[in-house]
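Visitor: Please give me a close look at one part of this structure, namely the pairing of charged side chains. I would like to know where the partners sit, how accessible they are, and what surrounds that part.

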Amino acid sequence: EGLGWESAEFPGSYPEDAGDGDMRIGSAWGLSGDGQTIVGLYWRFGAEGGTAHAAAGTVDQINDLGALNGRASRANDASFDGSVVVGWTEVPSGTWQPTVFENGEITVLGTYDAFTDAQGVSADGDTIVGSAYDAEAFSVVSARWTRDGKGGWTETFLGALPGTAAPFGVSQGQAVADNGMIVGYNRRSTPGTDTGIVWTEADGLQSAEDFLAANGATVPDGFRIAN
């Protein structure tokens with residue numbers, strides 16, 4: 001407020017291995033709740049160990065969060081104080097896997113035969129939401145990971161809306177509130193069949209339209225909640 005947009009300076013604000021390729025240098029994908037930590041990725045054209053790496057910091061100092069297997073990574077969101085960052089890392093097969101970056105360590109939350117990732121994290125850093133691959137349903141579904149009290153994470157499949165067709169249907173949690181409510185999107189089959197979703201402990205997964213109707217609000221004709 002009062003300053004407008006600010007841009008990171010290249011090369012000064014970036015890690016030493018940052019590279020400019022086709023006018024691509026970096027991008028921001030998320031922000032900590034206190035507004036002090038920007039997360040995203042920076043490009044490493046010509047460098048070994050992945051074409052892009054997850055990053056966190058400020059417009060003046062962008063820090064490399066690293067990657068695994070010499071592949072790429074990206075950060076999508078951060079906890080309130082920026083200490084817990086979530087996103088994805090790429091595996092040798094080329095797919096993305098949900099990942100948490102914390103205390104200088106990279107932890108893959110699950111390894112699946114599909115593109116999946118972590119999209120959001122709670123303010124306290126103890127709950128992560130995103131997508132996982134449910135082999136029994138043959139589909140990418142919304143998922144949640146919570147700390148297990150032993151230094152690890154407990155995974156819970158939240159599923160997908162009825163009518164979501166495998167393998168092209170996708171469901172993904174994108175943000176989680178302090179009360180545990182999760183929001184995201186669900187694509188039932190092909191592009192254009194997507195809608196917003198809401199998950200609560202009491203009611204499970206439902207479309208955003210159904211959630212709004214249950215709480216006395218309706219979506220005007222001609223509007224579609226995509227995510």
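Guide: A residue is called exposed when its relative accessible area is over 50%, buried when that area is under 20%, and partly exposed in between. With these limits, Glu 201 is exposed, because its relative accessible area is 62%. The model is a predicted one, and the values below are computed from it.

Glu 201 is a good place to begin. Glu 201 forms a salt bridge with Arg 144, and the closest N and O atoms of the two are 3.7 Å apart. The partners come from distant parts of the chain: Glu 201 lies in the loop between β15 (194-200) and β16 (204-207), while Arg 144 belongs to strand β11, and 57 residues separate them in sequence. What is the accessibility class of Arg 144? Arg 144 has a relative accessible area of 16%, so it counts as buried. This salt bridge therefore pairs an exposed glutamate with a buried arginine.

Strand β15, which precedes the loop of Glu 201, includes Thr 200. Thr 200 has 13% relative accessibility and so counts as buried. The C-alpha atom of Thr 200 is separated by 9.0 Å from that of Val 183, a residue 17 positions away along the chain.

Strand β11 also contributes Arg 147, which takes part in two of the pairings described here. In one, Arg 147 forms a salt bridge with Glu 102, with 2.9 Å between the closest N and O atoms. That pair again links distant parts of the chain, with Arg 147 in strand β11 (residues 139-147) and Glu 102 in strand β7 (residues 96-102), 45 residues apart. In the other, the side chain of Arg 147 meets that of Asp 126 in a salt bridge, at 2.6 Å from N to O. Asp 126 lies in the loop between β9 (118-121) and β10 (127-134) and Arg 147 in strand β11, so this pair ties together parts that are 21 residues apart in sequence. Glu 102, Asp 126 and Arg 147 are thus linked in a network of salt bridges.

How accessible are the members of this network? Arg 147 is at 34% relative accessibility, so it counts as partly exposed. Asp 126, at 31%, is partly exposed, and Glu 102 is also partly exposed, with a relative accessible area of 21%. The limit for buried is under 20%, so the 21% of Glu 102 does not meet it. As for the pairing itself, side chains of opposite charge can pair when their charged atoms come close.

The three salt bridges above are among the six that the structure holds. The chain has 10 positive and 31 negative side chains, and the centres of these two sets lie 7 Å apart.

A residue of backbone interest leads into strand β11: Phe 138 is found in the loop between β10 and β11. Phe 138 has a positive phi near 55°, although it is a residue other than glycine. At 46% relative accessibility, Phe 138 is partly exposed. Asn 69, likewise not a glycine, has a positive phi of about 60°. Asn 69 sits in the loop between β4 (62-66) and β5 (73-78), and at 51% relative accessibility it counts as exposed. A further backbone feature is the cis peptide bond that joins Phe 10 and Pro 11, with omega at about 10°. Pro 11 is placed in the segment before β1 (26-31).

The setting for these details is a chain with one helix and 16 strands. Its radius of gyration is 18 Å, close to the 17 Å that the globule rule gives for 227 residues, so the chain is as compact as a globular protein of that length. Along the principal axes, the C-alpha atoms fill a box of roughly 50 × 45 × 40 Å. Of the 227 residues, 45% count as buried, Arg 144 and Thr 200 being among them. The accessible surface comes to about 11900 Å², and 51% of it belongs to carbon and sulfur atoms. Among contacts between residues at least 6 apart in sequence, 35% join residues at least 24 apart.

Notes. Residues are numbered from 1 along each chain as its sequence is written. This is a predicted model: local features need pLDDT of at least 70, side-chain atom pairs count only at pLDDT 80 or more; totals for chains, interfaces and linings use all residues. Side-chain values use heavy atoms; hydrogens and water are left out. Helices (H or I, at least four residues) and strands (E, at least two) are DSSP runs, numbered from the N terminus. The radius of gyration is taken over C-alpha atoms; the globule rule is 2.2 Å times the number of residues to the power 0.38. Buried means under 20% relative accessible area, exposed over 50%, partly exposed in between (1.4 Å probe, protein chains only). Contact means heavy atoms within 4.5 Å. Accessible areas come from the Shrake-Rupley method with a 1.4 Å probe; for residues, only the protein chains shown count as cover. Lys and Arg count as positive and Asp and Glu as negative; His and the chain ends are not counted. The place of a charge is taken as NZ of Lys, CZ of Arg, CG of Asp or CD of Glu. A salt bridge is a side-chain nitrogen of Lys or Arg within 4 Å of a carboxyl oxygen of Asp or Glu.
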